[in-house]
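Here's a walk through the charged pairs, the strands and the packing of one model. Have the structure open as you read.

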Amino acid sequence: MEKVTIQAMAKVNLGLDVLRRRADGYHEVNMVMQTVRLYDTLVLTAREEEGILIHVDAENVPDDDNNLISKAAHILYQEYSIPKGVEISLTKQIPIAAGMAGGSTDAAATLVGMNRLFGLGCSEERLKELGVRIGADVPYCIQGGTMLSQGIGEKLTALPPAPDCILLIAKPDLYVSTKEVYQKLDAAALTSHPNIDAMVEAIKQQDLLQIAANMGNVLETVTEKEYPVIGRLKQLMKEEGALNALMSGSGPTVFGIFADEQKAKQALMRIRSQGLAPQSVLTAFAPGAQVIIETA
Ligand code: ATP
């Protein structure tokens, strides 16, 4: 095989709780992750010449070794004797620094794509083991779907797929650093926590109203305080009929869950007309993290 084209899906957090800060600086989390049908496209091509060549179509994303794609490729070259080089072209559609795991899902897709391209024969478990060296969310991004994520994010328990709904994603024109948000979070001082057990139960029961009722994210205490537009977006979505609206990950992306497509479209139009979030789309949950759309 000489070429693999792969769609790398984004995620939202239906629930995000932080239990404590560990001595090594990592945070212990309790999260419910959900893959979203919003994706970057990676085209991986084998080359006769050695080395990793990366092309990126977005200005704010590095095209050198700082790109998580490059880190993923380097790990595979260290671990396996791959006789060829690789060229990877990345087309970004997932908002950048947005709390939607854009970089992590690109890294995950690189591991999955190179495994396929070069016939490395790695199991999903093995790819996850390699992926956690890149970032805590990468193992989740390899598997995707609806998942309980614990530990530092690497302990995964699969849940039944969340029920279908209309998802409105709105990314204000801000860049938020995940690292800084976690540094600013005072986990010991949190006075309320989302009920992750109730969220898991609602998903098991396929009860969209209870899923909406149990959405919560403790990182809003940091990012929403700093950027009031996040609160305005949530309010607007609820006024327009969202079952609920929440910030994803460390933000600033806000997502709203709707049962009625017309209401979601109306909310999207209002967000656009008020200029609150230039990157806004209607989408849906997706069952898995990647789609391989073409091999040659
Ligand atoms: P998370 O939800 O996992 O915290 P995020 O969506 O908030 O991630 P990313 O879009 O992954 O954030 O980007 C964070 C930073 O990582 C960017 O500012 C960029 O410089 C760097 N980066 C490295 N590789 C990538 C990539 N493939 N796509 C996007 N950003 C990347």
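Glutamate 240 counts as buried, at 18% relative accessibility; buried here means under 20% relative accessible area, exposed over 50%, and partly exposed in between (1.4 Å probe, protein chains only). Its side chain meets that of arginine 270 in a salt bridge, 2.6 Å from N to O. A salt bridge is a side-chain nitrogen of Lys or Arg within 4 Å of a carboxyl oxygen of Asp or Glu. Glutamate 240 lies in the loop between α9 and β9 (244–247) and arginine 270 in helix α10, so the pair ties together parts that are 30 residues apart in sequence.

A word on the ground rules: this is a predicted model, where local features need pLDDT of at least 70 and side-chain atom pairs count only at pLDDT 80 or more, while totals for chains, interfaces and linings use all residues. Residues are numbered from 1 along each chain as its sequence is written, and side-chain values use heavy atoms, with hydrogens and water left out. Helices (H or I, at least four residues) and strands (E, at least two) are DSSP runs, numbered from the N terminus.

Back to arginine 270, which is partly exposed with a relative accessible area of 24%. Arginine 270 also forms a salt bridge with glutamate 239, with the closest N and O atoms 3.1 Å apart. Glutamate 239 sits in helix α9 and arginine 270 in helix α10 (residues 261–273), so this pair bridges parts 31 residues apart in sequence. Glutamate 239 is partly exposed, at 48%.

Helix α9 (residues 229–239) takes part in another link, since lysine 234 there pairs with glutamate 224 in helix α8 (residues 220–226), ten residues apart. Lysine 234 is buried, with a relative accessible area of 11%, whereas glutamate 224 counts as partly exposed at 23%. Here are the three pairs side by side.

| Salt bridge | Closest N to O |
|---|---|
| Glutamate 240 and arginine 270 | 2.6 Å |
| Glutamate 224 and lysine 234 | 2.9 Å |
| Arginine 270 and glutamate 239 | 3.1 Å |

How many salt bridges does a search of the whole structure find? The total is 18. Elsewhere, Glu79, Arg126, Glu129 and Arg133 are joined into one network by salt bridges that share partners. Charge also meets an aromatic ring: the charged end of lysine 171 sits over the ring of tyrosine 175, 4.7 Å from its centre. That label needs NZ of Lys or CZ of Arg within 6 Å of the ring centre and within 35 degrees of the ring normal.

Now for the strands. Is β10 (residues 254–258) mostly covered or mostly open? Mostly covered, with five of its five residues buried. Val254, Gly256 and Phe258 point one way, and Phe255 and Ile257 point the other. β10 runs antiparallel to β7 (residues 166–171), with five bridges joining the two, and antiparallel to β9, with four bridges. Strands pair if DSSP finds at least two bridges between them. Leucine 168 has glycine 256 as its bridge partner in β10, while asparagine 244 stands opposite isoleucine 257.

Glycine 256 is buried at 0% relative accessible area. Leaving aside residues up to four places away in sequence, glycine 256 touches Ile166, Leu167, Leu168, Met237, Asn244 and Ala245, where contact means heavy atoms within 4.5 Å. Glycine 256 and lysine 234 are 22 residues apart in sequence, yet 7.4 Å apart in space, C-alpha to C-alpha.

The β9–β10 hairpin has six residues between its strands, and glycine 249 in the turn has a positive phi of about 55 degrees. Proline 252 is in that loop too, and the peptide bond leading to it from glycine 251 is cis, with omega near 5 degrees.

The loop between β4 (85–91) and α2 holds alanine 97, whose phi is positive at about 50 degrees although it is not a glycine. Alanine 101 is in the loop between β4 and α2 as well, with phi near 60 degrees.

Finally, the packing. The largest nonpolar core has 68 residues, and those with the most contacts inside it are Val18, Leu42, Met237 and Ile271. Such a core is a set of buried Ala, Val, Leu, Ile, Met, Phe, Trp, Tyr and Cys residues joined through side-chain atoms within 4.5 Å. Helix α2 (residues 102–117) gives the largest share of this core, seven residues. Apart from it lies another core of 27 residues, among them Val32, Ala98, Leu167 and Leu208.
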